[in-house]
Amino acid sequence: MKVSRTARRLVIGAVAVLVSGLTMVVVNQPEPASAHGSVTNPPSRNYGCWDRWGDDHLNPNMAQTDPMCAQAWQANPNTMWNWNGLYRENVGGNHQAAVPDGQLCSGGRTQGGLYASLDTVGAWVAKPMPNNFTLTLTDGARHGADYMLIYITKQGFNPATQPLTWGSLDLVLRTGSYPTTGLYEAQVNAGSRTGRHVVYTIWQASHLDQPYYLCSDVTFGGGGTDPTNPPTTPPTTPPPTVPPTTPPTTPPTGNGGCSATYAKTSEWTGGFGATVTVRAGTAAIAGWTVRWTWANGQSITSSWNATVTSSGSSITAANVSHNGALSANGSTSFGFNGSWTGTNTAPTLTCTAR
């Protein structure tokens with residue numbers, strides 16, 4: 001059968017459109033590069049959007065079920081295809097100067113604003129997490145890490161209605177370095193936080209001055225432990241009760257005070273973990289400082305839920321903003337990892353309230 005020229009043009013045009021459409025699909029759905037990395041648990045914003053919708057990003061239901069991801073895909077799909085490339089270079093450790101308030105989740109609109117949609121304020125999908133959890137960063141290029149800085153938003157901050165700023169964050173953990181294994185984990189303690197929060201991670205890669213800026217949306221229930229990585233808590237034996245030799249002649253003055261208790265939670269060759277519990281006395285306190293002196297040359301390599309400083313073998317740990325105020329007989333805790341050689345004797349602690 002003879003086919004008319006017009007019909008041939010229609011067929012050729014249809015094939016061209018089909019091929020063009022297929023080409024567009026290939027161009028717009030590249031596999032993410034394995035050159036870098038991101039926080040994968042709890043998932044960073046663009047990793048989470050890629051993980052949930054990468055195979056179905058044209059689904060119109062996304063606008064109703066996951067509107068923050070929908071606006072990110074609409075703004076620039078490469079934000080998700082390049083979920084592992086959100087970094088700056090040559091910051092020199094001065095992160096707050098390099099990344100302005102309101103632009104923390106995009107790394108200061110790095111790379112020409114490629115990740116700008118991640119700064120959009122709204123109800124991003126938030127992963128339920130226990131208050132003690134394992135943060136996992138996946139590094140496809142095995143750059144290693146000089147350190148990770150892990151922040152969590154202050155209690156009362158609402159990321160669904162407020163832009164993320166440096167002032168809305170508490171630094172809860174600075175880790176040590178990691179070798180080039182490609183998987184870096186950190187034990188994070190969120191304290192007594194509840195509700196919606198942002199976990200903000202700065203990963204300082206080791207191969208260059210190349211920090212990554214990563215926002216993860218979470219909800220905390222006020223307690224619990226990550227079931228995939230429960231902490232090791234040593235059994236404790238309560239001390240015997242000793243009656244006072246001289247009963248007090250006057251009632252407590254009620255002017256506050258505090259005590260601190262040390263517990264080693266884990267130990268391995270050259271390293272250990274510990275938790276310090278701070279308890280208020282008979283009156284409420286506004287803040288606390290714990291001090292001790294190492295007897296065997298131990299040192300602290302990372303800490304969380306306290307501002308820890310050292311001078312030789314002397315250690316000072318002060319509360320951070322969310323755990324300083326304690327009611328009468330109320331308690332909080334902070335933790336740290338340390339290094340040791342030879343002997344690892346528990347220190348004697350003192351606590352000062354204010």
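Are Cys49 and Cys69 buried or exposed? Both of them are buried. Keep in mind as you look around that this is a predicted model.

**The disulfides**

Those two cysteines are a good place to start, since a disulfide joins Cys49 to Cys69. The structure holds three disulfides, and here they are side by side:

| Disulfide | S to S | Torsion about the S-S bond |
|---|---|---|
| Cys49 and Cys69 | 1.8 Å | -90° |
| Cys105 and Cys215 | 2.0 Å | about -90° |
| Cys258 and Cys351 | 2.0 Å | -105° |

Let's take them one by one. The link of Cys49 and Cys69 is left-handed. This pair connects distant parts of the chain: Cys49 sits in helix 2 (residues 45-53) and Cys69 in helix 4 (residues 67-75), 20 residues apart.

Next up is the disulfide that joins Cys105 to Cys215. Its torsion about the S-S bond is about -90°, so this disulfide is left-handed. Cys105 lies in the loop between helix 6 (95-98) and helix 7 (110-113), while Cys215 is in strand 8 (residues 210-221), so the pair ties together parts that are 110 residues apart in sequence. Both Cys105 and Cys215 are buried.

Then there's the disulfide formed by Cys258 and Cys351, whose link is left-handed. Cys258 belongs to strand 9 and Cys351 to strand 16 (residues 350-353), and the two are 93 residues apart. How do we decide whether they are buried? The cut-off is under 20% relative accessible area. Cys258 has 16% relative accessibility, so Cys258 counts as buried. Cys351 is buried because its relative accessible area is 17%.

Now count the bonded cysteines along the chain: the disulfides follow the pattern 1-2, 3-4, 5-6.

**The sheet**

Cys258 also leads us to a sheet, by way of strand 9. What order do the four strands of this open sheet take? The order is 9-10-15-12, and the pairing is antiparallel. At the edges are strand 9 (258-268) and strand 12 (299-304), each of which pairs on one side only. From one strand to the next, the twist averages 25°.

Zoom in on one edge and you'll find strand 9 paired with strand 10 (residues 271-280) in the antiparallel sense, over ten bridges. To see this pairing at the level of residues, look for Ser259, which stands opposite Arg279 in strand 10.

How values were computed: Residues numbered from 1 in each chain as written. Predicted model: local features only at pLDDT ≥ 70, side-chain atom pairs only at ≥ 80, totals over all residues. Heavy atoms only, no water. Pairing = 2+ DSSP bridges. Axes fitted to C-alpha atoms, helices over the stretch in contact; angles between N-to-C directions. Disulfide = S-S within 2.5 Å. Buried < 20%, exposed > 50% of the residue type's maximum accessible area, 1.4 Å probe, protein only.
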